[in-house]
Each structure stands twice: as C-alpha cells, then as structure tokens.
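Me: Could you take me through one part of this model up close? I'd like to start from a single helix residue and then see what lies around that spot.

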Amino acid sequence: MWNVTDWQKAVFSNESRIVLGTDDNRVRVWRHPGERYNSPHTVLRHTACTAGVLAWGAIAYDSRSTLIVMRGTLTGQRYVDDILRPYVKPFLNGLPGAIFQQDNAHPHTARVAQDFLRYFQTLPCPARFPDLSPEEHV
C-alpha cells in the first residue's frame, strides 16, 4: 500500500488526440445490453484522415510538465525525440526519486522508448489497463 511519500514521487503522463473538425472517423452505435449488431443503425462516414493535434502532458504530486501539442502521428522514435528527451528527462531529473508511469500506447511500448526509459524508474502499466482519456468512453 502506498503512502503519501510514495504518491509524491509518482509522475503520470497521457496524451489525447484533439480532432480539428466535427468528424473523428468513429462509428458510434448505441445498443441495449444483449442487442446484436444491426447494420441499419450504423452511420457511415468518410475514412480520410481528419485534421487534428496530439496534446501530451504529465502531472506529479505538486507539479506538472509543459503541455506539448504536436501534429502528425506519434511513433516510438518521435516520442523519444519530441517528448521524452526534451521534456520528460528534465522533468524527472528535477523530481528526486520520481517514478514515471505511462499507459501501454504503442509509442510508449516501442523498443526505442523502452530503451530510453531504462535510465529512469518506471511504474509498469498493467496489460489491458483502461485508458483514462474521456473521449475513449463516449
């Protein structure tokens, strides 16, 4: 069981894609429990890429990182070059004993990102851990 001192060392990070339009290319279907898929109830949308940005940030007990906003796809290499090296490394180095946690998104679990983070104490994210982003629960 963690105490206050343990929680003061934890650093949580997450990112969210913000769509710059009204269509995020998702198909949403509301069904009652036990009701099967019924194609007349779906709405077809275009499948072209929708313009958007990615916002990334981290919080700790009494501090927060810089909010990073970037365009394009976040790959493992881009995560290291554009987020971990310039922002996470100094942020964690400024918090003695920091324990970094991120979710299991593909860029986070990429070998290049894991290799970079081996110099820091990390808190593993359980497999199939639900994302805490509100848009994932619409």
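Reply: First, a quick definition: a helix here is a DSSP run of H or I at least four residues long, numbered from the N terminus. Keep in mind too that this is a predicted model. With that settled, let's look at histidine 108, which sits in helix α3 (residues 106–109). Histidine 108 has 1% relative accessibility, so it counts as buried, the cut-off being under 20%. Its side chain makes a polar contact of 2.9 Å with the side chain of glutamate 15. Setting aside neighbours within four places in sequence, histidine 108 also touches Tyr79, Gln102, Asp103, Ala113 and Gln114.

Now for the sheet. Strand β1 covers residues 10–19 and runs parallel to β4, with three bridges joining them. Across that pairing, phenylalanine 12 stands opposite glutamine 101 in β4. Overall, four strands make an open, mixed sheet in the order β3-β2-β1-β4. β3 and β4 (99–101) are at the edges with a single partner strand each, so one side of each has no neighbour in the sheet. From one strand to the next, the twist averages 20°.

Tyr79, one of the contacts of histidine 108, leads on to the largest nonpolar core. That core has 21 residues, and Val11, Tyr79, Ile83, Leu84 and Phe100 have the most contacts inside it. Two or more residues each come from β2 (52–60), β3 (68–70), α2 (76–93) and α4 (111–117), and α2 gives the most, with seven. As for leucine 84, its contacts beyond four places in sequence include Phe100, Ala113, Phe116 and Leu117.

Note on methods. Residues numbered from 1 in each chain as written. Predicted model: local features only at pLDDT ≥ 70, side-chain atom pairs only at ≥ 80, totals over all residues. Heavy atoms only, no water. Core = buried A, V, L, I, M, F, W, Y, C linked by side-chain atoms within 4.5 Å. Buried < 20%, exposed > 50% of the residue type's maximum accessible area, 1.4 Å probe, protein only. Contact = heavy atoms within 4.5 Å. Pairing = 2+ DSSP bridges. Axes fitted to C-alpha atoms, helices over the stretch in contact; angles between N-to-C directions. Polar contact = N/O pair within 3.5 Å; in protein donor to acceptor, adjacent residues only side chain to side chain.
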